[in-house]
Structures are given as C-alpha cells and as structure tokens.
Amino acid sequence: MSVERTTAAGGMETSYGFRKVGAGEKQPLVNDVFHKVANRYDLMNDLMSAGLHRLWKDAMVAWLNPPKRPGWKVLDVAGGTGDIAFRIVEASQRQAHATVLDINGSMLAVGRDRAEKQGLAANTDFVEANAEELPFEDDTFDAYTIAFGIRNVPRIEVALAEAYRVLKRGGRFLCLEFSEVEMPLLDKAYEAWSFNAIPRIGKAVTGDGEPYSYLVESIRKFPNQQNFAAMIARAGFDRVTFRNYSGGIAALHSGWKL
C-alpha cells in the first residue's frame with residue numbers, strides 16, 4: 001500500500017480515509033458513517049479486528065485499574081455505545097461513575113438503551129458533544145479513555161489538549177487505537193484482509209460497504225505508535241508510553257497529567 005501515514009505534524013484533519021477534504025468537511029462525513037453503523041457497532045469492531053477488540057478492551061480496563069471506591073470519575077470519549085464505560089464500571093464493582101461522550105446521537109441512543117438493560121443507568125450518563133470542545137470544567141475527571149475513536153476526530157491535537165484540560169492533576173489518559181503492524185508477514189495478511197474482505201463483508205451484512213472502506217482507510221492514515229505518542233506528549237502529558245497488541249494491529253497509549 002503506497003499511501004503514507006500522517007505524522008505527528010498533523011494531516012488527519014483533512015483526511016477522510018484516502019480522500020483529501022477541506023477544513024470542516026470531515027466531521028459531517030464521519031458522523032454519517034457512524035449513523036449508519038450504530039446498531040451494528042459490535043459487528044463492525046468484530047470485522048475490523050477478527051473479534052480481538054474485546055480482548056484489547058479488557059486489557060485497556062485492566063491497565064486503567066479503576067479503584068473500587070465511590071467518587072472516582074471517568075470520561076469515555078467517542079464511546080457512545082458504552083463498550084468501555086460499562087467495563088470500567090463493572091471493574092470498579094459499580095463504584096465508579098462514567099460519563100460517555102459522543103458526537104453521534106445514534107451511537108448514544110444505543111448506549112443509553114444498553115445501560116438501562118444492564119442496570120448501569122445510575123453509574124453512567126451520556127453527553128452529545130464534540131471531543132474538540134468538551135462541555136466540562138477544568139480538572140473534572142480522574143481518567144479519560146477513548147477506544148477506536150481518536151482517528152475519527154478531525155483535529156486530534158485539539159482533542160488531546162481538551163483531554164489534558166478536563167483531567168485532574170494525577171489523572172490518566174488512555175487511548176486504544178488501530179496502529180502500525182510491526183511484523184512484515186502479519187502486515188501483508190492484515191492489509192489484504194482489511195482492504196479486500198472487510199468492505200465486502202460489511203456490504204453483505206449491512207447492505208453498505210462504504211463506511212467500512214472509510215474505517216479501513218482511516219486506520220492506514222493514522223500516525224504510527226511513535227508519532228502518536230509524540231502528539232500525546234506535546235499536549236502536556238507525562239510518562240507517555242504504549243503497548244502493542246497483536247503485533248501492532250492495535251496499540252494502547254497511556255499518559256499522565258502530573
């Protein structure tokens with residue numbers, strides 16, 4: 001694949017998959033993708049990761065290790081369906097409170113319904129807002145999480161600055177995202193699967209392969225592990241590190257507001 005990844009210098013704000021778009025054009029296009037896939041979000045992630053996203057998300061919450069005490073608050077961004085938030089609440093033995101923020105109302109509707117069905121409505125609230133302009137005071141949350149969502153934010157550096165702002169001193173930033181495969185043979189196999197199989201399966205299952213083509217392309221354009229870590233550090237976070245999963249198909253980035 002000859003398409004180059006963006007770097008820590010930026011470029012995702014004008015990249016809708018492999019298409020170059022004008023400033024301000026990406027967000028409506030991304031919104032439309034997630035309106036289309038909201039009711040099949042788990043299936044989408046299963047297709048994108050061959051089901052491994054469930055293990056990666058469990059590992060993310062294990063590394064976060066939310067305390068089992070009341071009053072601890074996490075902001076889960078781009079997590080409309082509640083996948084990460086519910087895991088965090090359960091890991092805290094239902095002591096933590098999770099605020100789920102998403103720009104997409106269709107995704108949030110799925111999350112609210114799931115929270116009610118799982119008896120987690122008291123531990124969660126759902127906010128429709130933009131990751132680039134969080135509607136919260138400074139120093140509000142103990143942790144900020146985002147899983148498979150940061151690459152869909154047009155101005156990633158702005159979202160990272162907002163994450164830093166709303167975290168309390170000593171707060172934790174965790175971001176799980178598809179990344180650059182570091183094993184050559186696995187890279188070729190994963191690329192063939194992603195670009196050939198996923199859009200076709202998506203079309204067969206949902207009737208529309210275009211959202212899946214965008215999602216695959218956005219993974220290929222996203223900065224690699226080192227460049228994204230540099231962006232996190234530039235936003236002000238300390239002790240920035242990352243862990244690769246499945247040979248780099250996904251990476252979990254961590255930073256602290258110290």
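Setting aside neighbours within four places in sequence, Asn 130 is in contact with Gln 27, Leu 101 and Ile 103. That picture comes from a predicted model. Asn 130 sits in a loop, the one running between β5 (124-128) and β6 (141-147). Its side chain also has a partner in the backbone: the side chain of Asn 130 reaches the nitrogen of Glu 132 at 2.8 Å. So is Asn 130 buried, exposed or partly exposed? Its relative accessibility is 24%, and because partly exposed covers the range between 20% and 50%, Asn 130 counts as partly exposed.

Asp 102 makes a handy companion case. This residue belongs to a strand, β4, which spans residues 97-102. Asp 102 has a relative accessible area of 7%, which is under 20%, so Asp 102 is buried. With neighbours within four places in sequence again left out, Asp 102 is in contact with Ala 78, Gly 79 and Gly 80, with Met 107 and Leu 108, and with Val 127, Glu 128 and Ala 129. The side chain of Asp 102, too, reaches a backbone nitrogen, that of Asn 104, at 2.9 Å.

What brings these two residues together in one story? In the unreviewed UniProt entry, the annotation "binding site" covers Thr 81, Asp 102, Asn 130 and Ala 131. Of these residues, Asp 102, Asn 130 and Ala 131 are included in the lining of the largest cavity. Put side by side, then, the record's "binding site" takes in both a buried strand residue, Asp 102, and a partly exposed loop residue, Asn 130.

Definitions and conventions
Residues are numbered from 1 along each chain as its sequence is written. This is a predicted model: local features need pLDDT of at least 70, side-chain atom pairs count only at pLDDT 80 or more; totals for chains, interfaces and linings use all residues. Side-chain values use heavy atoms; hydrogens and water are left out. UniProt positions are given in the numbering used here, feature names are shortened, and annotations may be inferred rather than shown by experiment. On a 1 Å grid over the protein atoms alone, a cavity is a set of points where a 1.4 Å probe fits but cannot get out, and a pocket is an open set with protein on both sides within 12 Å along at least five of seven lines; lining residues have an atom within 4 Å of a point. Helices (H or I, at least four residues) and strands (E, at least two) are DSSP runs, numbered from the N terminus. Buried means under 20% relative accessible area, exposed over 50%, partly exposed in between (1.4 Å probe, protein chains only). Contact means heavy atoms within 4.5 Å. A polar contact is a pair of N or O atoms within 3.5 Å; within protein, one must be able to donate a hydrogen and the other to accept it, and residues adjacent in sequence count only if both atoms are side-chain atoms.
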